[in-house]
Each structure stands twice: as structure tokens, then as C-alpha cells.
Amino acid sequence: MMGRLAAALAFLTLVGLGMAPAEAAAETRLERIQRTGLLRVCMWPDYYAISFRNPRTGELQGLDIELARALADDLGARVGFVETSFPRFADDLREDRCDIGMFAIGVTPARAAVVAFSQPYLRSGIYAVTTQTHPRIKSWADLDQDGMIVAVQKGTFMDDYARGAFRRARIAAVSRPQEREDEVQSGRADAFLTDYPYGQRMLAFHPWAYLIAPENPVQTTPYAYAVTPGDAAWLDRVNAFVDKVKRDGRLEDLAARYKLTPIVARD
């Protein structure tokens with residue numbers, strides 16, 4: 001009896017507020033974006049050709065910067081960029097600082113346990129960067145040798161790969177932006193591991209850099225967008241956008257503009 005009375009009082013309260021019970025339910029993320037007109041996008045601003053803050057102009061540029069704006073347009077919203085990093089983005093999503101991570105996030109089992117991924121739109125293997133003048137490193141096989149120090153960025157799939165694949169080299173995990181290249185240029189590390197886009201950045205900005213590709217692709221990893229788990233409607237909407245830009249040619253066009261055509265995921 002008391003339960004029925006409480007339910008009736010709750011219903012009358014909602015009616016008095018002009019709200020139906022369904023309208024009083026928690027607002028979904030997609031509904032909130034449409035209501036506020038704001039899409040909050042987490043991105044790492046040091047990811048060349050992906051989500052990169054131009055050091056000369058201060059403007060954000062790259063494939064995912066443009067695709068984030070396109071997604072916002074599709075949603076009838078404006079975009080707000082939220083700076084994050086690979087170690088931090090899952091927390092930023094969970095703590096509601098952004099609605100989606102759009103910066104070529106590698107899909108790994110550890111990340112898939114805490115975020116939900118869209119279908120992939122890029123795929124990249126692992127490359128190494130050393131100096132043009134390094135006396136011992138000329139090929140991929142030279143990396144995993146006694147006395148070698150290989151830097152990786154903490155929280156990336158290169159970190160996971162190096163710890164599982166390298167048996168003789170010492171792995172040095174760093175966290176600050178550009179710390180990997182600082183370690184190599186200073187001589188504190190012999191090489192660092194990265195992906196295709198960041199390898200292209202090194203060649204574009206650092207005359208001392210020497211890019212090493214493995215003889216056969218190493219740990220090719222799909223890149224996707226990340227959202228909080230448990231929100232099927234929002235993930236479906238993101239997947240619909242990814243499918244759309246693949247089919248209408250926008251992904252191919254932007255990849256060509258930023259010299260990323262070799263890593264476009266077409267399936």
C-alpha cells in the first residue's frame with residue numbers, strides 16, 4: 001500500500017512540474033549534445049597530422065580536428081576541444097569532461113576494457129626514430145640489443161608492445177609531450193617507438209631524425225574514436241558518422257591532404 005502511495009505521489013509531482021515520467025529520466029549524451037548545441041571532443045594537441053597545434057599560428061589542425069568539426073556539423077552543434085593525453089583520456093571520458101575522444105586512439109585490450117570504441121578508420125604499425133648519426137642502429141633488428149635504451153610514451157600501444165617484444169633493450173617510458181625525442185636527441189635514449197603519423201612529424205620538423213620501418217609490419221593496430229561504455233545510442237551515432245565519411249570520400253580526401261593515405265582503414 002505504501003509503495004503504491006509513494007509511486008502515485010511521485011507521478012503527481014512530475015505532472016505538477018509539467019514533466020512526463022519518461023521526460024524526467026536521465027538525459028542521454030546524444031540528447032544533451034543536441035540540447036546544448038555543444039560537442040566536447042578530447043584530443044591530444046601534439047599529434048602531427050591528426051590533432052596538432054601549429055606552433056607558429058596556435059591553430060589546431062589535422063585529420064581528426066576536421067572530422068570533429070564535421071561530426072559537430074552533422075549533429076547541429078559547435079565543437080569544443082578538450083586537451084588530454086593517452087594516459088588520461090579514459091578518465092576524462094568517464095569523468096564527463098568530454099563526449100568523445102577523437103585523436104587516432106589505438107584499440108588495445110586494456111583500453112577496450114574501460115572505453116567503447118567506434119569502428120576503425122585508420123590502421124598503423126610501429127616505427128622507430130633514432131638519429132641520423134647513431135653508430136649502431138641502422139635497421140629494426142638493431143633496436144633490441146644489449147645496452148640499447150628505447151623510449152616509449154607511457155600508456156600507448158608502443159609501450160605494451162616494447163615490454164612484450166624486446167628482451168635485451170631497456171624500455172624507458174616517458175609521459176611529457178615531446179619527451180621521447182628529447183631523450184633521443186640528448187643521447188639518454190637510443191631510439192623511440194612511434195606510429196606512422198608521428199614518424200612523419202619527426203621527418204618534417206627534425207633534420208636529425210632517422211625513421212626505421214620494420215622489414216615486416218609490426219603490431220598493426222586499428223585506430224578508432226572512444227566514448228564511455230554503456231551508451232549504445234551515442235556509439236551507434238558515432239559509428240554512423242564514421243561509415244558516412246568512409247562512403248562519401250571525406251576520409252580519403254582528408255587523409256590525402258595530411259599525407260595519411262597509407263594508413264586509411266577502408267573496411
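Reader: How much area does the protein expose, and what share of it do carbon and sulfur atoms supply?

Author: The protein exposes about 12900 Å², and carbon and sulfur atoms supply 54% of that area, where accessible areas come from the Shrake-Rupley method with a 1.4 Å probe and, for residues, only the protein chains shown count as cover. This is a predicted model, in which local features need pLDDT of at least 70 and side-chain atom pairs count only at pLDDT 80 or more, while totals for chains, interfaces and linings use all residues. Residues are numbered from 1 along each chain as its sequence is written, and side-chain values use heavy atoms, with hydrogens and water left out.

Reader: What share of the residues is buried?

Author: Of the 267 residues in the protein, 51% are buried, a word that stands for under 20% relative accessible area (exposed is over 50%, partly exposed in between, with a 1.4 Å probe and protein chains only). Thr-108, in the loop between β6 (100-106) and α5 (109-112), is one case to look at, and it counts as buried because its relative accessibility is 9%. Leaving aside residues up to four places away in sequence, Thr-108 touches Phe-117 and Phe-157, contact meaning heavy atoms within 4.5 Å.

Reader: How many helices and strands does the protein have?

Author: There are 10 helices and 14 strands, taken as DSSP runs numbered from the N terminus (H or I and at least four residues for helices, E and at least two for strands). The C-alpha atoms of the protein fill a box of roughly 80 × 40 × 35 Å along the principal axes.

Reader: At what angle do α3 and α10 pack?

Author: Helix α3 (residues 63-75) packs against helix α10 (residues 250-257) at about 150°, and their axes are 10 Å apart; axes are lines fitted to C-alpha atoms, for helices over the stretch in contact, and angles run from 0 to 180 degrees between N-to-C directions. The angle therefore makes α3 roughly antiparallel to α10, a label for angles over 145 degrees (under 35 is roughly parallel, 65 to 115 roughly perpendicular, the rest oblique). Leu-63, Glu-66, Leu-67, Ala-70 and Asp-74 of α3 make the contact with Arg-250, Leu-251, Leu-254, Ala-255 and Arg-257 of α10.

Reader: Which residues of α3 meet α9?

Author: Helix α9 (residues 232-247) packs with α3 at about 115°, the axes being 11 Å apart. From α3, the residues Leu-67, Ala-70, Leu-71, Asp-74 and Leu-75 meet Trp-234, Arg-237, Phe-241, Lys-244 and Val-245 in α9.
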